[in-house]
Structure formats: structure tokens, C-alpha cells
Amino acid sequence: MPHLSHTRRQFLKRAVAMGAAGLAPVPLAAQPGPRAFSLAPAPARVALVGDPHPATEVWAFDGRVPGPEIRVKQGERVRIAVANGLPQETTVHWHGLRVPHAMDGVPHLTQPPIPPGGRFVYEFDAVDAGTYWYHPHAQSYEQVARGLFGAFIVEERTPVSVDRDLTWVLSDWRLTREAALRADFRTMFDVAHAGRIGNTVTVNGVVPESFDVRAGERVRLRLVNAAVARMFALRFDGHSPVVAAYDGQPVAPHAPADGRVVLGPGERVDIVLDMTGAPGARFAVTDDFYPRNAYRLLDLAYSAERPLRDRPRAAWTKLPDNPLREPDLSRAVRHEVALTGGAMGGMGGMGGMGGMGGMMGRGMAWMINGKAVAESDHHDHAPLFALARNQSCVVTFVNDTAWHHPMHLHGHFFRVLSRDGTPTAHREWRDTVLLAPRSRAEVAFVGDNPGDWMLHCHVLDHQAGGMMATIRIA
Ligand code: C2O
Ligand code: CU
């Protein structure tokens, strides 16, 4: 597997270090068994912004932001012992990994929260190859915003031919001028609007300046949006990224629409980038999701070395499929999931100002099918709907709000069939679908993983503000 090569120089300061921070497995006794890892979420100080700014007090897995990258092979069994060093209860959710219900890390729903000083051991099989991530699911609007997130990579059984396989964990922070984290979590303004969008974007835990590449190389770049609210739309000037996977699941290779790689919170996109620039050249990577606040994320900085190869590589071919069950649309049951509420809610809003005022008093601003559910009550809340095991289901998400919502389903992947009534070009599998304001999307999946599974918005202030529900697979 062509990993980050040891022949590369030490990274220059503020260059983005890629994939260098892997989590070494805990040495095991000689007999085969699960790959064992440990994670210790706790307060830490990290240099997010860099000189002359002081380090930032964060909460981090193993003292690092992002947390160590967990990398295993498809089919391996994984055991991860989590020791809670935080002053709050926590859990760890393995976003996108299809794990058994008891290992899904949702407090009160799949496990009791891990108390401060407590421990919980997660164990599951890595059934799907792809790009996943982990983060707490307790007070996640605060715990993720404080720095608790990391990438979880499952490598294909047969190695994929690229020169380097790298991860960019994108995040976003709300910092003071002294680079301290603002502790204004879950304000009613953030809850009812776009969520807690910060003022500082990091890539792999640093405010990036450049990313070193070599002419002629082919890079698989795994993008993870770990921000609590910010969406990204990345443009790679002078390059032609090819989308290889969404949310870890292979897709027919294609150029991103309008040349922008869009990621809502929680989403991942794997792109394949052929470094077609000349030695010594620089190209900007820009983010223009919010057009009036477009900015240069970093530069691709080509080394002076001569190109790695003379002729371009053959076109990228689709990654091997994961073992997902195909929904049978002719027998599918159909459910509508309506999203309402938020500021500027209008007619689809909160049943008049009286209703809105009452909800706001409880810190709630959003509803799914007319109900606002808080983290503390979803365990005794009736599921949105129930499916018999292996039942195919089509869900139509209807976003009747003025805001974007990345809707995430646990324990499953769904095919995105259509958006606003138009069939999607690739019918891609995803675990999170980004709904634009006043839009709808139709998805289909097979309920084959038994349990009560979370369905929620991954703008974490929206989730905390009522935008969560469960669906039951018998
Ligand atoms: Cu990324 Cu319910 O989670
Ligand atoms: Cu939302």
C-alpha cells in the first residue's frame, strides 16, 4: 500500500501533515483476535493557529486534533477501549460504520453514557471499506466543537493503486483573537439559524498554508467534514478531481458538479487527484460554499522534483462495491420525513408564535414530522416509523425550512434516488444527505440492521434543538 512515503522531507511549519498521525494498535498477545485500540478523550492544548498565537485549550482524543486516524482492513474485527477523561459524560459514535446497535455509541439509546473517569469497550467488524469518522454522541454540539473527532479508514481488501492515500479532516472553530475557544455553545441564535459556524477553518488540526505534492503523482484524498455546522465546497484550481466515493461508498467515477466538491457536516468524499501541474507550481484550493465568504483554504505546492511519471495514468476505475443490500423499489414501503422550524420558518414553521415561543423556551427550534426531540428524551420517544427486518423503504425528506440540513441515518446506507423530483445521476449510496433550503430528496434503503437507529441533522445545534428522531428495525 503506497502510504505517505518516508522519503519526503519533514513538513514545513504550517504545511498540512497528512496521515502521519496514525494510531498504533495496542500490542496484542500472539493469538489472532480483534485489532485493539484505545482512545482517551480529555482536555488538551494544541497549536491550532500557530505562532505567534498561543495554543488553544480543546478537548481531544489522545491529546491530538483530529484524534488519531484509525486504519484497519476490511473484514477485520476492531476493539476500541474508550477511557473518559472529560468533565462530562461521553460516548463514541463510529459515523458510517455499520456496527451492531449496542456498539453505535448513542447515549441512552444504545448504551448508558460513559461517566467521567469511566470506560467502555466497543467491538465490531469493519464490514465496509471506505472513509468514516468517529466523534462523541453526547452533547456533541459542544464535544465535537471542542475538538473531539477523528478519521476512521477501512482499507479495501485488495490494495488500491494510488501513489499516496491521504486524509483531510476539515473542521471549523470559533476562536477569540487570543486563539482561545469561545465557550458559547448552543446559543438560541445558532440553534435556530445555521448552527455554530466558526471563524477559523483547520485541515488536520492546523490553519493550513500549503500542502506538498509532487508532479505526476496520483493521490487519493479522503475529505471528512467534521465541522459542527460549516459546509464546504472545494475547488481545486488547475486540477480535475474525480469523485471515487461518497460517505465511504464507491460511486461511478465522475467529475464533481460545477467543479465543486461539496461536503455537509458529517459527510465524506473520496477524490482522486492527478497532480498534473509542473514542478514548482502552486495552485489554490478554495472554498466557496458561502459565495460571499469564499476564501483560499490552502495551496497545492508542487516540489521541484521532476514528475513521478512521464505519461498520465490510466483513468480511475470504480472502487470495489461494499456488501450493501439493494433496496427493492417495487416492494418498498414509503415514508415522508418533514423538516420544519428554524428562523424565517414561514408557513411550514412552528405552528405560530405561541408554539415557537414555547419550544424556544426549552431550547428547541426544529421538528421532524411535527415533533422536537431532545437528546435526553429520545430513548423513551416513539420511533418515527418501524420496519420489518429486511424491508425496503423509500424515505422522502421534505425540507420546509430556510436552512440546509445534512440528514444522517445510523446503522445503514441509503441510495439517493432523486432530488427535487429529478433522478440523481449516480444513485449514490450515502449515510448523510444534504438538503438545501426548501428542497426534497428521495432515498431508499433496506432496514437490515436491527435496533432503534438515530436519524438526525448533522448540524449539531439543529440536532440539539430538536432535529432528531429514531426509526425502528425489528
Ligand atoms: Cu456523526 Cu449521529 O452522527
Ligand atoms: Cu439541520
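**Charges, fold and one central pairing**

Let's start with charge: the chain carries 50 positive and 48 negative charges, and their mean positions lie 2 Å apart. Keep in mind that what you're looking at is a predicted model.

Now step back to the overall build. The chain has 4 helices and 32 strands. Its radius of gyration is 21 Å, close to the 23 Å that the globule rule gives for 474 residues, so the chain is as compact as a globular protein of that length. If you lay a box along the principal axes, the C-alpha atoms fill roughly 65 × 55 × 55 Å.

What about the inside and the outside? Buried residues make up 59% of the 474 in the chain. The accessible surface adds up to about 18300 Å², and carbon and sulfur atoms account for 54% of that. As for how the chain meets itself, take the contacts between residues at least 6 apart in sequence: 77% of these join residues at least 24 apart.

For a closer look, pick out strand β24, which spans residues 391-399. This strand is mostly covered, with 8 of its 9 residues buried. One of its pairings is with strand β21 (residues 333-341), which runs parallel to β24 and is joined to it by 7 bridges. Within that pairing, Val337 has Phe397 of β24 as its bridge partner. β24 also pairs with strand β30 (residues 439-447), this time in the antiparallel sense and over 9 bridges. Here you can find Thr396 standing opposite Glu442 in β30. So to speak, follow β24 and you meet a parallel pairing with β21 and an antiparallel one with β30.

How values were computed. Residues numbered from 1 in each chain as written. Chains lettered and ligands numbered in written order. Predicted model: local features only at pLDDT ≥ 70, side-chain atom pairs only at ≥ 80, totals over all residues. Heavy atoms only, no water. Helix = DSSP H or I, 4+ residues; strand = E, 2+ residues; numbered from the N terminus. Rg over C-alpha atoms; globule rule 2.2 N^0.38 Å. Buried < 20%, exposed > 50% of the residue type's maximum accessible area, 1.4 Å probe, protein only. Contact = heavy atoms within 4.5 Å. Areas by Shrake-Rupley, 256 points an atom, 1.4 Å probe, with all protein chains shown as cover. Lys, Arg positive; Asp, Glu negative; His and termini not counted. Charge placed at Lys NZ, Arg CZ, Asp CG, Glu CD. Pairing = 2+ DSSP bridges.
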